[in-house]
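Q: I have a protein model with a ligand in it, and I would like to learn how to read the spaces inside. Where do we start?

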Amino acid sequence: MIKVNDNFCKLPASYLFSEVAKRIEAFRRQNPGTEIIRMGIGDVTSPICAAAVRAMKQAADDQSRKETFHGYGPEQGYEFLRAKIAEYDYKARGIDIAVDEIFISDGAKSDTGNIGDILSHGCKIAVTDPVYPVYVDTNVMAGRAGSYDGNRWSNIEYLPCTAENGFIPPMPVDNPDVIYLCYPNNPTGTTLSRDILAQWVDYARSHNALILFDSAYEAYIRHEDIPHSIYEIPGAKEVAIEFRSYSKTAGFTGLRCGYTVVPKQLHGVDANGHSVSLNALWNRRQCTKFNGASYIIQRAAEALYTDEGRREVKETIDYYMRNAAVLRAGVRAAGLDVYGGEDAPYIWIKTPDGVSSWEFFDILLKECNVAGTPGSGFGPAGEGYFRLTAFGRYEDTMKAVERLKRFNVK
Ligand code: PLP
């Protein structure tokens, strides 16, 4: 029999969304005809904007003609898209990122999951808690996480983010080599100010740590003082890799496109103590294991940087952020403490005292016929919290808020 990677066997069954689906199904069977509003899954609902659709049609036509056909593209992505990213996502914010520091991919899940390929198996990991589960699970798969006690992995340092600390992660105490930061945050919908992010960059510089900065929700930032990129902080290029995605920015969840920035100043060290460029390693990793994102999809992403594309993207984000504002107000009016949702599409609710995340799920489903996601599914510090998303239709969001008036913890 073939021997398998035992690390995969250590992973607990992915319980959260299957349990959510199971409970919704059971409720539906007991209450036929009741309309349930689903505000749990983090997928978007608005269609792809016209500028990107037109670009895809044009790119499909390109593929039909010998003169404009594109086969394998550069593993790092097409220059036409990388140049737009350097100009609009970085230079426009006063950040110098070279085209060869940008790697186009099929999304941030792949990149945040795959980045561990270029890091030592001995690296110690820290994550904010609650957390996007991909960071933890991919380190389990790589054998870095240690053993699981049903709540935590022994080799991962958890940095709890709760209402008590204003959702600002405490500095690590175990000297991690790699720190995952995701801001605006999934699931809490909270952000880090420039000053706090600067403290993290300082920490990484003084402790030789690498920050993996996931800014998949950057486009949702409204407040001027919240950094959109970690490279807005001086010195960050020597300590941070940044991940971005068009999924939530432009509804590309089904099209698949994102990118990762690996600055050339960023260096690690090999077993012999020699300095190694992380940009060169990631380039090597991508060239070996990835054959580039689709030409058609990269043309669609390029179109997002046109005047029309930028206007349309903004309209959709404004639409979701209106949902977020409506949800925040509605949840607060129901007498609950609410966080996030001001610079992010996620609303993070504190459950009433003594009510667990799953109990809250059941109460909300029963009383309001609204389904969300229990915070405990994102990590131990998520217990006692609950996530709603602003990615639904406005009408459904309004209806959900109307139903929240029935909310009553018995
Ligand atoms: N990073 C975070 C924090 C996310 O919440 C998500 C998706 O939910 C992703 C990355 C994945 O993005 P993509 O669709 O680009 O793979």
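Q: By class, how many nonpolar, polar and charged residues does the shell around the ligand have?

A: First, note that this is a predicted model. A residue belongs to the shell if one of its heavy atoms lies within 4 Å of the ligand. Here 14 residues surround the ligand. Six of the shell residues are nonpolar, four are polar and four are charged.

Q: Which residues are the closest to the ligand?

A: The closest are Asn-186, Asp-214, Tyr-217, Ser-245 and Ser-247.

Q: What polar atoms lie beside the oxygen atoms of the ligand?

A: The general idea is to look for pairs of N or O atoms within 3.5 Å. For Asn-186, a polar side-chain atom is 2.7 Å from an oxygen atom of the ligand. Lys-109 takes part through its backbone, with an N or O atom 2.8 Å from a ligand oxygen. Lys-248 uses its side chain, where an N or O atom lies 2.9 Å from an oxygen atom of the ligand.

Q: How much of the ligand does the protein bury?

A: Taken alone, the ligand exposes 400 Å², and the protein buries 91% of that.

Q: Which elements give two or more residues to the shell around the ligand?

A: They are α5, residues 108–114, and α8, residues 247–250.

Q: How does one find empty space in a protein at all?

A: Rolling a probe the size of a water molecule over the atoms shows where empty space is left. A pocket is an open set of grid points, whereas in a cavity the probe fits but cannot get out. In this model, the ligand takes up the space of the largest pocket.

Q: What is the volume of the largest pocket, and which residues lie nearest its centre?

A: The largest pocket holds about 1300 Å³ of space. Its lining has 46 residues, and those nearest the centre are Phe-17, Tyr-132, Pro-133, Val-134 and Phe-378. By class, 24 of the lining residues are nonpolar, 14 are polar and eight are charged.

Q: Which element gives the most to the lining of the largest pocket?

A: That is α6, with six residues. The elements that each supply at least two residues are α2 (16–30), α5, α6 (133–141) and α8.

Q: What does the second largest pocket look like in the same terms?

A: The second largest pocket has a volume of about 770 Å³. It is lined by 29 residues, with Asp-89, Arg-93, Glu-218, Ala-219 and His-228 nearest its centre. The lining has 13 nonpolar, five polar and 11 charged residues. At least two lining residues come from each of α4 (79–90), β7 (240–245) and α11. The largest share, five residues, is from α11.

Q: How many cavities of 30 Å³ or more are there?

A: There are three cavities of 30 Å³ or more. The largest cavity contains about 80 Å³ of space.

Q: Which residues line the largest cavity?

A: Its lining has 14 residues, and Pro-47, Thr-249, Ala-250, Gly-251 and Thr-316 lie nearest the centre. Both α8 and α11 (307–333) give two or more residues to this lining. The largest share comes from α11, with five residues. By class, the lining of the largest cavity divides into eight nonpolar, four polar and two charged residues.

Note on methods. Residues are numbered from 1 along each chain as its sequence is written. This is a predicted model: local features need pLDDT of at least 70, side-chain atom pairs count only at pLDDT 80 or more; totals for chains, interfaces and linings use all residues. Side-chain values use heavy atoms; hydrogens and water are left out. A polar contact is a pair of N or O atoms within 3.5 Å; within protein, one must be able to donate a hydrogen and the other to accept it, and residues adjacent in sequence count only if both atoms are side-chain atoms. Accessible areas come from the Shrake-Rupley method with a 1.4 Å probe; for residues, only the protein chains shown count as cover. On a 1 Å grid over the protein atoms alone, a cavity is a set of points where a 1.4 Å probe fits but cannot get out, and a pocket is an open set with protein on both sides within 12 Å along at least five of seven lines; lining residues have an atom within 4 Å of a point. A molecule sits in a cavity or pocket if more than half of its atoms lie within 2 Å of its grid points. Helices (H or I, at least four residues) and strands (E, at least two) are DSSP runs, numbered from the N terminus. Ala, Val, Leu, Ile, Met, Phe, Trp, Tyr, Cys and Pro count as nonpolar, Asp, Glu, Lys and Arg as charged, and the others, Gly among them, as polar. Grid points are joined across faces, edges and corners, and a volume is the space filled by probe spheres set on the points.
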